[in-house]
Amino acid sequence: MDVWALGILLYFMVTASMPFKASTVAALKTLILAGKFTVPSYVSPACGSLLRSVLQRKSSSRPDLTGIMASDWMAEAGAWIEADPGYRSCPRLGATEDDLTEAEILVME
């Protein structure tokens, strides 16, 4: 598992920007190899800590997936998530005639 790439994706999802920014490919490579990036102040301390751990320069210093799942940020994330009893990942499978929106979509196809 490429934990570093997962860290890049997480950084982008949380900040809507890339952790390493430079005007040239050579400068970008230098930043990446040095592991130099900043975490914006609006990112929670727990998320910032996770980002710093997964974007470690040395792969042996990065946590594995078990370590990521055990992080404070992941523990915080699950505390507020509640399942939506009406959610269907595939609307067609549960569509009924009572649900006009889904029924209309099925007819249109």
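Two residues count as being in contact when heavy atoms of theirs lie within 4.5 Å. Keep that in mind for the views below, and remember that this is a predicted model.

**View 1. Gly7, a glycine tucked inside helix H1.**
Gly7 sits in helix H1, which covers residues 3-15. Is this glycine buried or exposed? With 0% relative accessibility, Gly7 counts as buried. Leaving out residues up to four places away in sequence, Gly7 touches Leu51, Val54 and Leu55. You can also look across to Arg62: it is 55 residues from Gly7 in sequence, yet their C-alpha atoms are 9.9 Å apart in space.

**View 2. The whole chain, a run of helices.**
Zoom out for a moment, and you'll find 7 helices and 0 strands in the protein chain. Read from the N terminus, the elements go α-α-α-α-α-α-α. The chain has 109 residues, and 21% of them are buried. What share of the contacts between residues at least 6 apart in sequence joins residues at least 24 apart? That share is 44%. As for the outside, the accessible surface comes to about 8,100 Å², and carbon and sulfur atoms account for 60% of it.

**View 3. Tyr11 meets Phe37, ring against ring.**
The model has 3 aromatic pairs. In one of them, the ring centres of Tyr11 and Phe37 are 6.1 Å apart and the planes stand at 90°, so this pair is edge-to-face. Tyr11 belongs to helix H1, while Phe37 is in the loop between helix H2 (25-34) and helix H3 (45-54), so the pair ties together parts that are 26 residues apart in sequence. Both partners are tucked away: Tyr11 counts as buried at 2% relative accessibility, and Phe37 counts as buried at 18%.

**View 4. Phe20 joins in with Phe37.**
Here the ring centres of Phe20 and Phe37 are 5.7 Å apart, with planes at 75°, so this is an edge-to-face pair. Which parts of the chain does the pair tie together? Phe20 comes from the loop between H1 and H2, and Phe37 from the loop between H2 and H3, so the link spans parts 17 residues apart in sequence. Phe20 has 9% relative accessibility and counts as buried. Put the rings together and you get one aromatic cluster, formed by Trp4, Tyr11, Phe20 and Phe37.

**View 5. The surroundings of Tyr11.**
Tyr11, in helix H1, has plenty of company. Setting aside neighbours within four places in sequence, Tyr11 is in contact with Ala16, Ser17, Met18, Pro19, Phe37, Thr38, Val39, Pro40, Leu51 and Leu55. Leu50 is 39 residues away along the chain, and its C-alpha atom is 9.8 Å from that of Tyr11.

**View 6. Inside the largest nonpolar core.**
In soluble globular proteins, nonpolar side chains tend to be buried together. The largest nonpolar core in this model has 14 residues, and Phe37, Leu51, Val54 and Leu55 touch the most other members. H1 and H3 each supply at least two residues of this core. Take a closer look at Leu51: apart from neighbours within four places in sequence, Leu51 is in contact with Gly7, Leu10, Tyr11, Phe37, Val39 and Val43.

**View 7. A nonpolar patch on the surface.**
Some nonpolar side chains turn up on the outside too: Leu6, Leu9, Met13 and Leu65 make a surface patch of about 380 Å². Which element gives the patch its largest share? That would be H1, with 3 residues. Leu65 lies in helix H4, residues 65-69, and counts as partly exposed at 39% relative accessibility.

**View 8. Helix H2, out in the open.**
How many of the 10 residues of H2 are buried? The number is 0, so H2 lies largely in the open. After H2 comes Gly35, with a positive phi near 70°.

**View 9. Ala16 and its unusual backbone angle.**
Most residues other than glycine have a negative phi. Ala16 isn't a glycine, but its phi is positive, about 60°. You'll find Ala16 in the loop between H1 and H2. At 62% relative accessibility, Ala16 counts as exposed.

Notes. Residues are numbered from 1 along each chain as its sequence is written. This is a predicted model: local features need pLDDT of at least 70, side-chain atom pairs count only at pLDDT 80 or more; totals for chains, interfaces and linings use all residues. Side-chain values use heavy atoms; hydrogens and water are left out. Helices (H or I, at least four residues) and strands (E, at least two) are DSSP runs, numbered from the N terminus. Buried means under 20% relative accessible area, exposed over 50%, partly exposed in between (1.4 Å probe, protein chains only). Accessible areas come from the Shrake-Rupley method with a 1.4 Å probe; for residues, only the protein chains shown count as cover. Rings of Phe, Tyr and Trp (its six-membered ring) pair if their centres lie within 6.5 Å; planes under 30 degrees apart count as stacked, over 60 as edge-to-face and the rest as tilted. Patches are made of residues with over 30% relative accessible area and no salt bridge: like charges are joined within 9 Å, nonpolar side chains (Val, Leu, Ile, Met, Phe, Trp, Tyr) within 5 Å. A salt bridge is a side-chain nitrogen of Lys or Arg within 4 Å of a carboxyl oxygen of Asp or Glu. A nonpolar core is a set of buried Ala, Val, Leu, Ile, Met, Phe, Trp, Tyr and Cys residues joined through side-chain atoms within 4.5 Å.
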